[in-house]
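Here are some exercises on reading strand order, pairing and packing from a fold. Have your viewer open, try each task yourself, and then compare your steps with the worked solution.

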Amino acid sequence: MLQMKYVIIYVSNFEESLAFYCNQLGLSIRNNHGSYIELDTGSTILAMILKENVNEMTGLPKPSDISSQTFELGFVTEDVIGMVEKLRENGVKIIKEPIEKPWGQTVAYVADPDQHYIEICSRVE
């Protein structure tokens, strides 16, 4: 059986992205390997690497700077509205204001510095 252990995002500006995930979302650095950093999110690791270093690390071509919006990262909190307000006050782009879904979950969307969709949501009971 496969288990998801980590997600790696390719970023344009390492310092800006690291500040967003650490300062805005409150994640802590788990491992720092210079051009590759892992953040502690609980059971799954969120890692990042500069787009320009992807080839060096993986042998794959550098990703395009054109955003395809083919994924989102989801973070669970007990206070979606409070978290979104804190992010707004800190200048984070709010894509979709908090709404309650028919199944009772509160969901909002913000954007990271590379415009990746970040879901801020309550637990699904």
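**Exercise 1. Pairing in one sheet**

Find the residue of β8 that is the bridge partner of Val-107.

Solution. Step one: go to β8, where Cys-121 is the bridge partner of Val-107. Strands such as β8 are DSSP runs of E with at least two residues, while helices are runs of H or I with at least four, both numbered from the N terminus. You are working with a predicted model, in which local features need pLDDT of at least 70 and side-chain atom pairs pLDDT 80 or more, while totals for chains, interfaces and linings use all residues. Residues are numbered from 1 along each chain as its sequence is written, and side-chain values use heavy atoms, without hydrogens and water.

Step two: widen the view to the whole strands. β7 covers residues 106-111 and β8 covers residues 117-121; they run antiparallel and are joined by 5 bridges. Two strands count as paired if DSSP finds at least two bridges between them.

Step three: place the pair in its sheet. The order is β5-β8-β7-β6, an open sheet of 4 strands with mixed pairing. β5 (72-76) and β6 (94-100) are the edge strands, each with a single partner, so one side of each has no neighbour in the sheet. From one strand to the next, the twist averages 20°.

**Exercise 2. A helix across this sheet**

Which strands does helix α3 lie across, and at what angle does α3 run to β6?

Solution. Step one: locate α3 at residues 80-89; it lies across β6, β7 and β8. Step two: compare directions, and you get about 165° between α3 and β6. Such angles lie between N-to-C directions on a scale from 0 to 180 degrees, with axes fitted to C-alpha atoms, for helices over the stretch in contact.

Step three: pick one residue of the helix, Val-84. Its relative accessibility is 1%, so Val-84 counts as buried (buried is under 20%, exposed over 50%, partly exposed in between, with a 1.4 Å probe and protein chains only). Beyond its neighbours within four places in sequence, Val-84 is in contact (heavy atoms within 4.5 Å) with Ile-94, Glu-97, Pro-98 and Ala-108. For scale, the C-alpha atoms of Val-84 and Leu-46 are separated by 20 Å, and their positions lie 38 residues apart along the chain.

**Exercise 3. An edge residue**

Decide whether Glu-72 is buried, partly exposed or exposed, and list what it touches.

Solution. Step one: place Glu-72 in β5. Recall that β5 stands at an edge of its sheet. Step two: read the accessibility. Glu-72 has 37%, so it counts as partly exposed. Step three: leave out residues up to four places away in sequence, and the contacts of Glu-72 are Tyr-109, Tyr-117 and Glu-119. Step four: check a C-alpha distance. Glu-72 and His-116 are 44 residues apart along the chain, yet their C-alpha atoms are separated by 6.5 Å.

**Exercise 4. The other sheet and its strand β4**

How many residues of β4 are buried, and which strands pair with it?

Solution. Step one: count. 6 of the 6 residues of β4 are buried. Step two: sort them by face. One side carries Ile-45, Ala-47 and Ile-49, the other Leu-46, Met-48 and Leu-50, and both faces are covered. This fits a general pattern: side chains of a regular strand alternate between the two faces of the sheet.

Step three: look sideways. β1 (residues 6-11) pairs with β4 in the parallel sense over 6 bridges, whereas β3 (residues 36-40) runs antiparallel to β4 with 5 bridges. Ile-45 therefore has a neighbour in each strand to inspect: Tyr-6 stands opposite it, and so does Asp-40. Further along, Ile-9 has Met-48 as its bridge partner in β4.

Step four: follow the turn. The hairpin of β3 and β4 has 4 residues between the strands, and Gly-42 takes a positive phi near 115° there.

Step five: assemble the sheet. Its 4 strands have the order β1-β4-β3-β2, open and with mixed pairing. β1 and β2 (28-32) are at the edges with a single partner each, so one side of each lacks a neighbour in the sheet. On average, neighbouring strands are turned by 30° against each other, direction ignored. Finally, add helix α1 (residues 14-24), which lies across β1, β2, β3 and β4 and runs at about 160° to β4.
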